[in-house]
Amino acid sequence: MQKTEWRTLFNPSKDIRALQISHWEAIDIGYECPKCGSQRAAIWMFPDEPMVYIDECCNQRVLFEPKTGSEGE
């Protein structure tokens, strides 16, 4: 599975419940749907771990991997 490119929208997340559940680790990210290219957004609860789910836009699987120090944000 190919990883999905993403960018940080808000760090920390603007969702207070997500912050509470994740112990203040959650971030808001933006990315493009891998099928149609629509702009999408998600809350990444634990950005130090990979996240995979089925995006509702085109029912495509998306994979987000943490960025390393050399990749920057």
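Author: Accessible areas come from the Shrake-Rupley method with a 1.4 Å probe. In this predicted model, the accessible surface of the protein chain comes to about 5000 Å². Carbon and sulfur atoms hold 48% of that surface.

Reader: What pattern does the protein chain follow along the sequence?

Author: The order of elements is β-α-β-β-β-β, which amounts to one helix and five strands. The radius of gyration is 12 Å, close to the 11 Å given by the globule rule for 73 residues, so the protein chain is as compact as a globular protein of that length. Along its principal axes, the C-alpha trace spans about 30 × 30 × 20 Å. Of the 73 residues, 29% count as buried.

Reader: How should one read a sheet, and which order do the three strands have here?

Author: Strands of a sheet pair through backbone hydrogen bonds, either parallel or antiparallel. Here an open sheet of three strands has the order β1-β2-β3, and the pairing is antiparallel. Strands β1 (6-10) and β3 (39-44) stand at the edges with a single partner strand each, so one side of each lacks a neighbour in the sheet. From one strand to the next, the twist averages 35°.

Reader: How many bridges join β2 to β3?

Author: Six bridges join β2 (residues 27-32) to β3. Ile-27 has Trp-44 as its bridge partner in β3, while the partner of Glu-32 in β3 is Gln-39.

Reader: What do β2 and β3 form, and how many residues lie between them?

Author: The two strands form a hairpin, with six residues between them. In the turn, Gly-37 has a positive phi of about 85°.

Key: Residues are numbered from 1 along each chain as its sequence is written. This is a predicted model: local features need pLDDT of at least 70, side-chain atom pairs count only at pLDDT 80 or more; totals for chains, interfaces and linings use all residues. Side-chain values use heavy atoms; hydrogens and water are left out. Two strands pair if DSSP finds at least two bridges between them. Helices (H or I, at least four residues) and strands (E, at least two) are DSSP runs, numbered from the N terminus. Axes are lines fitted to C-alpha atoms, for helices over the stretch in contact, and angles run from 0 to 180 degrees between N-to-C directions. The radius of gyration is taken over C-alpha atoms; the globule rule is 2.2 Å times the number of residues to the power 0.38. Buried means under 20% relative accessible area, exposed over 50%, partly exposed in between (1.4 Å probe, protein chains only).
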